[in-house]
Amino acid sequence: MREAYRRTRKDGAAGIDGQTAAAYEADSEANLTDLLERLESGHYQAPPTQRVQIPKGDGRSRGIGIPTVGDKGAQLAVAMVLDPSTSRISVAVRMGLVPVATRIRPSTACQATWWA
């Protein structure tokens, strides 16, 4: 959880709760412990994102959602856990979709890493 939080961007805007990265950092140990407990227990529910309209060059605007600081950490933590599993699956799928004559096999070292 700490590694996921360390990797999150800290310069972004505050989410719907108004808490900045600096404020979250002030009590990061308690915040991360609480977040981890909610994730592990299955009681975590992502807070709503703050909707912001960003102007585009043609005069229109597009909406983006800004998550809370804690939710950014939770999203990244889940992605860090799932990424090795999904990487192996997507490589296998891509290998299966390439015609046999042009299929490139990964090196033995890569195979050991991906399919370990």
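These notebook entries record what I looked up in this predicted model.

**Entry 1: Overall make-up**

I began with the secondary structure and found 5 helices and 2 strands in the protein. Read from the N terminus, the order of these elements is α-α-α-β-β-α-α. I then turned to burial: of the 116 residues, 20% count as buried. The exposed surface of the protein comes to about 8100 Å². Carbon and sulfur atoms supply 57% of that surface. I also looked up the contacts between residues at least 6 apart in sequence, and 54% of them join residues at least 24 apart.

**Entry 2: The aromatic pair**

I next searched for aromatic rings that pair, and the structure holds 1 such pair. The partners are Tyr 5 and Tyr 24, whose ring centres are 5.3 Å apart and whose planes meet at 35°, so I entered the pair as tilted. The angle falls between the limits of 30 degrees for stacked and 60 degrees for edge-to-face, which is why neither of those words applies. Where do the two tyrosines lie along the chain? Tyr 5 belongs to helix H1 (residues 2–7) and Tyr 24 to helix H2 (residues 21–26), so the pair ties together parts that are 19 residues apart in sequence. I checked both residues for exposure, and Tyr 5 and Tyr 24 are both buried.

**Entry 3: Two arginines of helix H1**

I stayed with helix H1, where Arg 2 is found and where Arg 6 also lies. Are these arginines buried or exposed? Arg 2 is exposed, its relative accessible area being 56%. Arg 6 is exposed as well, with a value of 55%. Both values pass the 50% limit, so the word "exposed" applies to Arg 2 and Arg 6.

I then looked up what Arg 2 touches. Not counting residues up to four places away in sequence, Arg 2 touches Glu 29 and Leu 32. Between the C-alpha atoms of Arg 2 and Glu 29 I noted 8.5 Å, with 27 residues separating the two along the chain. For Arg 6 I noted Gly 73, which is 67 residues away in sequence and 8.3 Å away in space, C-alpha to C-alpha.

**Entry 4: The cavity**

I searched the whole structure for cavities of 30 Å³ or more, and 1 was found. The largest cavity holds about 40 Å³ of space. Which residues line the largest cavity? I listed Arg 9, Lys 10, Gly 12, Ala 13, Ala 14, Gln 19, Thr 20, Ala 21, Val 69 and Lys 72. Sorted by class, the lining has 4 nonpolar, 3 polar and 3 charged residues.

**Entry 5: Lys 72, a lining residue**

I followed one of the lining residues, Lys 72, which has its place in helix H4 (residues 69–97). With neighbours within four places in sequence left aside, Lys 72 is in contact with Thr 8, Arg 9, Gly 12, Ala 13 and Pro 67. Among these contacts, Arg 9, Gly 12 and Ala 13 also appear in the cavity lining. I noted too that the C-alpha atoms of Lys 72 and Arg 7 are 9.7 Å apart, although their positions lie 65 residues apart along the chain.

**Entry 6: Ser 61 in strand S2**

My last look-up was Ser 61, which is found in strand S2 (residues 61–66). How exposed is Ser 61? The relative accessible area of Ser 61 is 44%, so I recorded this residue as partly exposed. Leaving aside neighbours within four places in sequence, I found Ser 61 in contact with Gln 53, Ile 54, Pro 55 and Lys 56.

Definitions and conventions: Residues numbered from 1 in each chain as written. Predicted model: local features only at pLDDT ≥ 70, side-chain atom pairs only at ≥ 80, totals over all residues. Heavy atoms only, no water. 1 Å grid on protein atoms, 1.4 Å probe; cavity = no way out; pocket = protein on both sides within 12 Å on 5 of 7 lines; lining within 4 Å. Points joined across faces, edges and corners; volume = space filled by probe spheres on them. Nonpolar A, V, L, I, M, F, W, Y, C, P; charged D, E, K, R; others polar. Helix = DSSP H or I, 4+ residues; strand = E, 2+ residues; numbered from the N terminus. Buried < 20%, exposed > 50% of the residue type's maximum accessible area, 1.4 Å probe, protein only. Contact = heavy atoms within 4.5 Å. Areas by Shrake-Rupley, 256 points an atom, 1.4 Å probe, with all protein chains shown as cover. Phe/Tyr/Trp six-rings, centres within 6.5 Å; stacked < 30°, edge-to-face > 60°.
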